[in-house]
Amino acid sequence: MVSALDQLYQQVIMDHAAEKHGSGQVEPSDTSSHQVNPTCGDEVTLEVALEGDTLSGLAWQGQGCSISQASLSMMNDLVAGKSLAEIEQLWKDFDQMMHSRGQEVPDEILDPLEDAASLQGTSKFPNRVKCALLGWMALRESIAKTQARQENE
């Protein structure tokens, strides 16, 4: 039997997978990141805009399972307007949660992740962890490329 909390988490994931916050047309450029999960075929192209050390814009276009699409949507909501230091901490918290292998994760890690904490159950399934991390990998690479380009200008 599925618990009420599991049902709520499943609904949050399905809602984000359907709504796809931040999804939009992305023109691939030297600062965009294209990531593919070869295990299942999920893919995303993501581009960011930075103003100083703040994420001022993010757009992504992708296809894949509900976990990868929901994770991208949740990530978009979490990082919008945040500083790079805040984004790095969110990444560390999300990564720790995703590698918990179903073990309990402290509230001080889960709380800042907001809706993304609903993906905690995914950590029990190693082949699905890559789906949840796909957008975060694209975000980190796109930020690094954008910073490198700005340093060279």
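Two salt bridges are counted in this structure, which is a predicted model. Side chains of opposite charge can pair when their charged atoms come close.

One of these pairs joins Glu-88 to Arg-140, with the closest N and O atoms 3.3 Å apart. This contact links distant parts of the chain, since Glu-88 belongs to helix H3 (residues 84–98) while Arg-140 belongs to helix H5 (residues 126–152), and 52 residues separate the two. Glu-88 is partly exposed, its relative accessible area being 29%, and Arg-140 is likewise partly exposed, at 35%.

In the other pair, the side chains of Arg-149 and Glu-153 meet with an N to O distance of 3.1 Å. Arg-149 counts as partly exposed at 32% relative accessibility, whereas Glu-153, with a relative accessible area of 69%, is exposed, because the class of exposed residues begins over 50%.

The accessibility of the four paired residues is set out below.

| Residue | Relative accessible area | Class |
|---|---|---|
| Glu-88 | 29% | partly exposed |
| Arg-140 | 35% | partly exposed |
| Arg-149 | 32% | partly exposed |
| Glu-153 | 69% | exposed |

Apart from the salt bridges, the surface also carries a negative patch, which is formed by Asp-15, Glu-19, Asp-77, Glu-114 and Asp-115. Of these residues, Glu-19 can be placed in helix H1, which covers residues 4–19. Glu-88 and Glu-153 are not among the residues that form this patch, and each has a salt-bridge partner, Arg-140 for Glu-88 and Arg-149 for Glu-153; patches are made of residues with no salt bridge, so a paired residue is left out.

Terms used
Residues are numbered from 1 along each chain as its sequence is written. This is a predicted model: local features need pLDDT of at least 70, side-chain atom pairs count only at pLDDT 80 or more; totals for chains, interfaces and linings use all residues. Side-chain values use heavy atoms; hydrogens and water are left out. Patches are made of residues with over 30% relative accessible area and no salt bridge: like charges are joined within 9 Å, nonpolar side chains (Val, Leu, Ile, Met, Phe, Trp, Tyr) within 5 Å. Accessible areas come from the Shrake-Rupley method with a 1.4 Å probe; for residues, only the protein chains shown count as cover. A salt bridge is a side-chain nitrogen of Lys or Arg within 4 Å of a carboxyl oxygen of Asp or Glu. Lys and Arg count as positive and Asp and Glu as negative; His and the chain ends are not counted. The place of a charge is taken as NZ of Lys, CZ of Arg, CG of Asp or CD of Glu. Helices (H or I, at least four residues) and strands (E, at least two) are DSSP runs, numbered from the N terminus. Buried means under 20% relative accessible area, exposed over 50%, partly exposed in between (1.4 Å probe, protein chains only).
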